[in-house]
Amino acid sequence: MTMDNETIKADCNRGCVSIRNNGTGEERFVYREGCCKLKDHNYLAGIPDQSYRDVFEVRFKNTRKGFYRNASGQNVKLGDMVIVEAATGYDLGIITLEGPVVGRQLKCKGIDYETYEFKKIYRRAKQNDIEKWQEAIAREQDTMIQARRIAAEMGLDMKIGDVEFQGDGSKAIFYYIADGRVDFRQLIKVFAEEFHIRIEMKQIGARQEAGLIGGIGICGRELCCARYISNFKSISTSAARVQDLSLNPQKLAGQCGKLKCCLNYEVEVYQDAQSRIPKVQEPLEFEDGFAYLRKTDILREVMYFSYDKHSDADLYPLAASDVMEIIKMNRNGVKPESLKSEPEPVAPEFVTAVGDDSISRFDAPKRKNKRKNKNRRKGGKPEAE
């Protein structure tokens, strides 16, 4: 995007925006909160608490974050690009969290502020640090493509999902996906010779890969794994069964090929509602015959019965609590009078979608020429236009 002699380019993987001056050629980087995947909201902003003033959350590419102690003596703040300690060399990241909310995050991660050995923030990033960082970033795409080719030539059953270079360009993390165990000792040697860097292999799952790549879900919104999910819980088909969903793999699977994460969102609500719905294993006995359970509205806690075992033409709704009472009465040999004394039977709720896929439904209705119709009724000919 170009505005006022400046070119703006967003790097959503790292949560920053590069602004290049087209006149001077100078480039600067600005932290952009809305670009951060899995961003934490600082709900304690502005609170004068100095308990964690020297510890900051620093964000790198994708979902990689860490907590660092400011050992630079400089006053760093939210949005600053800083040089931090790494296992070998140094790395460059963006400060994404500061203040008392950092203490809450440390507790969530199980980190003891008093005993944990935090890595250090050396200083703010200088212009030459940023330029070196950008040179390393520019190598990531080509490196990933070459790495995939090398892995395929070696016959390894794995997929390189992403590559992340360290800020000093001396090391790269290769994120890969594999169904089983992969022996990549020889692969690391080939990578080191090919790219002349230190190699770290990190295995991720299909859901994590979808979170790294991002995308739009069937709901029309950004994928949950790319927006806020950090802990991927196991999902089974029982979650779909509890919600009375059709066990169609094409509808239940997400872009990662696994079951959708959103299947777990309402499971507890359905389980709570089902705890108040009785299990009807036999038909209910009334004086005028047997009533068979045909369908159940779980959230409304309404059960629909019919006298015809194989038809949904006449359905009689009963509250789940009433069904429990009738079951108790049947066990004691008592038969209620009739379901027909209840409100009129209702037909199954059905909304037709016929015509919704017709493009012509967006067209304005055609107006009839009343003058021509009038002449035809009189037996005359329409006037020439």
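**Asp-162**

I began with Asp-162 in this predicted model, and I found the residue in strand β10. I asked whether Asp-162 counts as buried or exposed. At a relative accessibility of 12%, Asp-162 counts as buried, because the cut-off for that class is under 20%. I then looked up which side chain makes a polar contact with the side chain of Asp-162, and I noted Lys-61, at 3.2 Å. When I left aside the neighbours within four places in sequence, the contacts of Asp-162 were Lys-61, Asn-62, Met-144, Ile-173, Phe-174, Tyr-175 and Leu-212.

**The cores**

Phe-174, which is in contact with Asp-162, led me to the largest nonpolar core, where Phe-174 is listed with Met-158, Ile-160, Phe-191 and Met-201 as the residues with the most contacts inside it. I recorded 21 residues for this core. The elements that give two or more residues to it are α3 (140-153), β10 (159-165), β11 (171-177), α4 (185-195) and β12 (198-203). Which element supplies the largest share? I noted that α3 does, with four residues.

I followed Met-201 further and, leaving aside its neighbours within four places in sequence, I listed its contacts as Met-158, Ile-160, Phe-174, Tyr-176, Phe-184, Leu-187, Ile-188 and Phe-191. I also noted a second, separate core of 17 residues, which includes Ile-277, Ala-291, Ile-298 and Val-323.

**Rings**

I looked up how many aromatic pairs a search of the whole structure finds, and the count was nine. In one of them, Tyr-116 and Phe-118 have ring centres 4.8 Å apart and planes at 75 degrees, so I entered the pair as edge-to-face. The partners are not covered alike in my notes: Tyr-116 is partly exposed, with a relative accessible area of 40%, whereas Phe-118 is buried, at 10%. Tyr-176 and Phe-184 form another edge-to-face pair, with ring centres 5.5 Å apart and planes at 70 degrees, and here I noted that both residues are buried. Tyr-176 and Phe-184 are also among the contacts of Met-201. Going back to Tyr-116 and Phe-118, I found that ring pairs link them with Tyr-52 and Tyr-113 into a cluster.

I then checked for charges over rings. Arg-64 lies over the face of Phe-60, 4.2 Å from the ring centre, and the charged end of Lys-295 sits over the ring of Tyr-304, 4.7 Å from the centre of that ring.

**Asp-54**

Tyr-113 of the ring cluster is also touched by Asp-54, and I therefore looked at Asp-54 next, which is partly exposed with a relative accessible area of 22%. Asp-54 is found in the loop between β4 (27-31) and β5 (55-59). Not counting residues up to four places away in sequence, I listed Tyr-68, Arg-69, Asn-70 and Tyr-113 as the residues that Asp-54 touches. How far apart are Asp-54 and Arg-69 in sequence and in space? They are 15 residues apart in sequence and 5.6 Å apart in space, C-alpha to C-alpha, and a polar contact of 2.6 Å joins their side chains.

**Three further loop residues**

I looked up Asp-314, which is found in the loop between β15 (302-306) and β16 (316-319) and counts as partly exposed at 44% relative accessibility. Asp-314 lies 10 residues from Tyr-304 in sequence and 9.4 Å from it in space, C-alpha to C-alpha. Tyr-304 is the residue whose ring has the charged end of Lys-295 over it.

I noted a positive phi of about 60 degrees for Asp-244, although this residue is not a glycine. Asp-244 is found in the loop between α7 (237-242) and α8 (249-252), and I entered it as exposed, with a relative accessible area of 58%. Glu-301, also not a glycine, has a positive phi of about 60 degrees; it is found in the loop between β14 (289-297) and β15, and at 21% relative accessibility it counts as partly exposed.

**Whole chain**

Last, I noted the totals. The chain has 11 helices and 16 strands, and 36% of its 385 residues count as buried. Among contacts between residues at least 6 apart in sequence, 57% join residues at least 24 apart. The chain exposes about 24,800 Å², of which carbon and sulfur atoms supply 48%.

Conventions: Residues are numbered from 1 along each chain as its sequence is written. This is a predicted model: local features need pLDDT of at least 70, side-chain atom pairs count only at pLDDT 80 or more; totals for chains, interfaces and linings use all residues. Side-chain values use heavy atoms; hydrogens and water are left out. A nonpolar core is a set of buried Ala, Val, Leu, Ile, Met, Phe, Trp, Tyr and Cys residues joined through side-chain atoms within 4.5 Å. Buried means under 20% relative accessible area, exposed over 50%, partly exposed in between (1.4 Å probe, protein chains only). Contact means heavy atoms within 4.5 Å. A polar contact is a pair of N or O atoms within 3.5 Å; within protein, one must be able to donate a hydrogen and the other to accept it, and residues adjacent in sequence count only if both atoms are side-chain atoms. Rings of Phe, Tyr and Trp (its six-membered ring) pair if their centres lie within 6.5 Å; planes under 30 degrees apart count as stacked, over 60 as edge-to-face and the rest as tilted. A charge sits over a ring if NZ of Lys or CZ of Arg is within 6 Å of the ring centre and within 35 degrees of the ring normal. Accessible areas come from the Shrake-Rupley method with a 1.4 Å probe; for residues, only the protein chains shown count as cover.
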